[in-house]
Amino acid sequence: MSSDPILSNCSSEKDPGETSDAVASAEYGASVSKPGASVSLSHGGDSGSPGLGGPLRLPPWLRVRLPRGPVYAGTMNLLKELRLNTVCQGARCPNQFECFARGTATFMILGANCTRNCAFCNIGLGEAEAVDPGEPGRLAEAAARMGLGHVVVTSVTRDDLPDGGAGHFAAVTRAIRAACPRARIELLIPDFRGDETALRLVLSERPDIINHNVETPPAHYPRIRPQADYRQSLTLLKRVKKAGLTGKSGFMVGLGETDEEVRGVLSDLAAVDCDIVTIGQYLAPSRRHTPAQRYVHPDMFAEYAAWGRELGIKEVFSSPLARSSYHAGEVSEALHSSVGGKL
């Protein structure tokens, strides 16, 4: 599963019309990384030397406001009515409240349980669910009722299925095209275990964007993403471009990588002609997950973006709260404009 993990510790006592601060995670032993400095955070304050007891406070740029209101409630109710999963909820994304309040969501198909167990991900490892043939139609209905101009669909990883779920992705794409003919469609897909035939099922439907996340530099795969293969993911992205489609990928920082490794991943993505890259801060979904090793300063995220552009990547969305599908429509539109109206 390619997801956007975070622990969102929010009060349920607020009035739906109010906003509140979300303490996104409680990490221990992390540091703040910015150009020229790496500063330890204390357990009882915002910066300084390590303290004793209590959760580590997040730096201010990782605290988010939680909008609520009728649009947020309407999004939640529609998803419940149509029995649809979202990665926003499953991965405990910090941007869920903002996105739902704007009437957007990233749909997650093929059930709520994953067949892999990545160290960063909040999506549960469990018994795979039967493929629901009615899901494509319900998802397309939701997209139409929400008035989405850019529809993002991802899935859990389904290694139990012969095609890895590729045929279901294709069915979802067809259903969205029928219900929302003017909408752009972005698919965030798993690796299909490197099966090119399965990938072709998805490519043949010509979605506007194919996203596949590399997640972390290759040296960290055995610890963070042991059931995946970095080179296999790059091959998938290369095949997307060979098919003439827009390719997108993303990865997290804070999992123990160095900035030189970040530069290396950007270089690899540029080498396969990836059009869009997202880079965001990793935050552990729970204390059971691997802890963040550092909090990267926003200035450093700006440097990452500059590195990517220097390497020839057309659009680099790099910020602490950037996630694969966060503001995906705006990122797509920026690319659309930069290449003269052609994706």
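**Exercise 1. Strand 10 and its surroundings**

Task: In this predicted model, determine how many of the residues of strand 10 are buried, and what follows for the place of the strand in the structure.

Solution. Begin with the cut-off, since a residue is called buried when its relative accessible area is under 20%. Five of the five residues of strand 10 are buried, so the strand is largely enclosed by the rest of the structure. Next, divide the strand by the direction of its side chains: R184, E186 and L188 point one way, while I185 and L187 point the other way, and all are buried. This division agrees with a general rule, namely that in a regular strand the side chains alternate between the two faces of the sheet.

**Exercise 2. The partners of strand 10**

Task: Establish which strands pair with strand 10, in what sense, and over how many bridges.

Solution. Take strand 9 as the starting point: five bridges join it to strand 10 (residues 184-188), and the two run parallel. Within this pairing H150 stands opposite R184, and T154 has L188 as its bridge partner. Then turn to strand 11 (residues 209-211), which pairs with strand 10 in the parallel sense over three bridges; here the bridge partner of E186 is I209. Finally, follow the chain between the paired strands. Strand 9, helix 5 (residues 166-179) and strand 10 make a right-handed β-α-β unit, and a right-handed β-α-β unit is also made by strand 10, helix 6 (residues 196-203) and strand 11.

**Exercise 3. Strand 9**

Task: Decide whether the two faces of strand 9 are covered or open, and name the residues on each side.

Solution. All six of the six residues of strand 9 (residues 150-155) are buried, so this strand is largely enclosed by the rest of the structure. Sorting them by side gives H150, V152 and T154 on one face and V151, V153 and S155 on the other, and both faces are covered. Strand 6 (residues 106-109) pairs with strand 9 in the parallel sense over four bridges, with T106 standing opposite V152.

**Exercise 4. The whole sheet and its edges**

Task: Give the order of the strands in the sheet, and explain why strand 5 and strand 15 each have one side without a neighbour.

Solution. Eight strands form an open sheet in the order 5-6-9-10-11-12-13-15, with mixed pairing. Strand 5 (85-86) and strand 15 (315-318) stand at the edges and have a single partner strand each, so one side of each lacks a neighbour in the sheet. For strand 15, a parallel pairing over four bridges is found with strand 13 (residues 276-281), and V277 stands opposite V316 in this pairing. Helix 9 (residues 259-271) lies across strand 12 (246-253) and strand 13, and runs at about 170° to strand 12.

**Exercise 5. Aromatic pairs**

Task: State how many aromatic pairs a search of the whole structure finds, and classify the pair of Y221 and Y230.

Solution. The search finds four aromatic pairs. The ring centres of Y221 and Y230 are 5.7 Å apart and the planes stand at 80°, so this pair is edge-to-face. Y221 counts as buried at 4% relative accessibility, and Y230 likewise counts as buried at 4%. The pair of F301 and Y304 is treated in the way just shown: with centres 5.7 Å apart and planes at 75°, it is therefore edge-to-face. F301 and Y304 both lie in helix 10 (residues 298-310), three residues apart, about one turn of the helix, and both are buried. Together with W307 they form one aromatic cluster, and R263 lies over the face of W307, at 3.9 Å from the ring centre.

Note on methods. Residues are numbered from 1 along each chain as its sequence is written. This is a predicted model: local features need pLDDT of at least 70, side-chain atom pairs count only at pLDDT 80 or more; totals for chains, interfaces and linings use all residues. Side-chain values use heavy atoms; hydrogens and water are left out. Rings of Phe, Tyr and Trp (its six-membered ring) pair if their centres lie within 6.5 Å; planes under 30 degrees apart count as stacked, over 60 as edge-to-face and the rest as tilted. Buried means under 20% relative accessible area, exposed over 50%, partly exposed in between (1.4 Å probe, protein chains only). A charge sits over a ring if NZ of Lys or CZ of Arg is within 6 Å of the ring centre and within 35 degrees of the ring normal. Two strands pair if DSSP finds at least two bridges between them. Contact means heavy atoms within 4.5 Å. Axes are lines fitted to C-alpha atoms, for helices over the stretch in contact, and angles run from 0 to 180 degrees between N-to-C directions. A crossover is right-handed if, with the strands pointing away from the viewer, the path from the first strand over the helix to the second runs clockwise.
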